[in-house]
Amino acid sequence: MNSKENLDILQDFIETFLEKNIERIELNSYLKTKSRNLPSEENFGIADVRVKLENREEINIGVQFIDGFYVENKMLLYYTQIHANQLEYQEHRKIAKTITFNILDFDYLKTEDYFNKIVIPTKTENKIELYVLELAKFVSEKSEMVNKKEAWMIYLCGTAEEKVEQAIRKFQKIQKLDDRLKEYWKKERME
């Protein structure tokens, strides 16, 4: 996902869950340079972008999938990596607020909501913000999708085949992601 060809998909996903419009989105090259040293399965589903919102605010954003081990550590370490990568750009741009989207396929937080925002206060004006999407908590009982957030969740959960197909047909960026994933799996080889 961390490529120029997928920026529009990432923008759609981020705008949907942040509920804010993005004026500009660009890749942060830090993750790409590190990815050369990682196996492909550790790169899958990871993105590191810098966005400029309509209100002119700039934000570093990371997106990751997390398995069930050491969840707190993985969320905080990933946040730190995404935030610290700005040091490479320090001469060229201002350090911005950082947020991460952490996608889990299991129940983790003690809440019924499938989408949560964790805010950790710091001594600076920028608080640590971690968004957590818990796929296992998402339930869509409606026969028709009402909004794009629900469509993204249905697609990410991938359990209701008919609804997944509906999400793909209804939303262009979800369809593009689905096409990209099909291409990826055709080329992927077992090591």
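**Helix α5 and the cores of the predicted model**

The buried residues of helix α5 are covered by elements that include α1, β5 (115–120), β6 (128–134), α6 (161–170) and α7 (172–187), where buried means under 20% relative accessible area with a 1.4 Å probe, protein chains only, and helices (H or I, at least four residues) and strands (E, at least two) are DSSP runs numbered from the N terminus. The model is predicted, so that local features need pLDDT of at least 70 and side-chain atom pairs count only at pLDDT 80 or more, while totals for chains, interfaces and linings use all residues. Residues are numbered from 1 along each chain as its sequence is written, and side-chain values use heavy atoms, with hydrogens and water left out.

Seven of the 10 residues of α5 (residues 148–157) are buried, among them W152, M153 and I154. At the start of this helix, a side-chain oxygen of N147 lies within 3.1 Å of the backbone nitrogen of K149, and G158, with a positive phi near 65°, follows α5.

The largest nonpolar core, a set of buried Ala, Val, Leu, Ile, Met, Phe, Trp, Tyr and Cys residues joined through side-chain atoms within 4.5 Å, has 34 residues, of which F13, I14, I25, V49, V51, I61 and F101 touch the most other members. Helix α1 (residues 7–18) contributes the largest share of this core, seven residues. A second, separate core of nine residues includes M75, Y79, L104 and I128.

In strand β3 (residues 58–66) lies N60, which counts as buried because its relative accessibility is 0%.

Key:
Buried means under 20% relative accessible area, exposed over 50%, partly exposed in between (1.4 Å probe, protein chains only). Contact means heavy atoms within 4.5 Å. A polar contact is a pair of N or O atoms within 3.5 Å; within protein, one must be able to donate a hydrogen and the other to accept it, and residues adjacent in sequence count only if both atoms are side-chain atoms.
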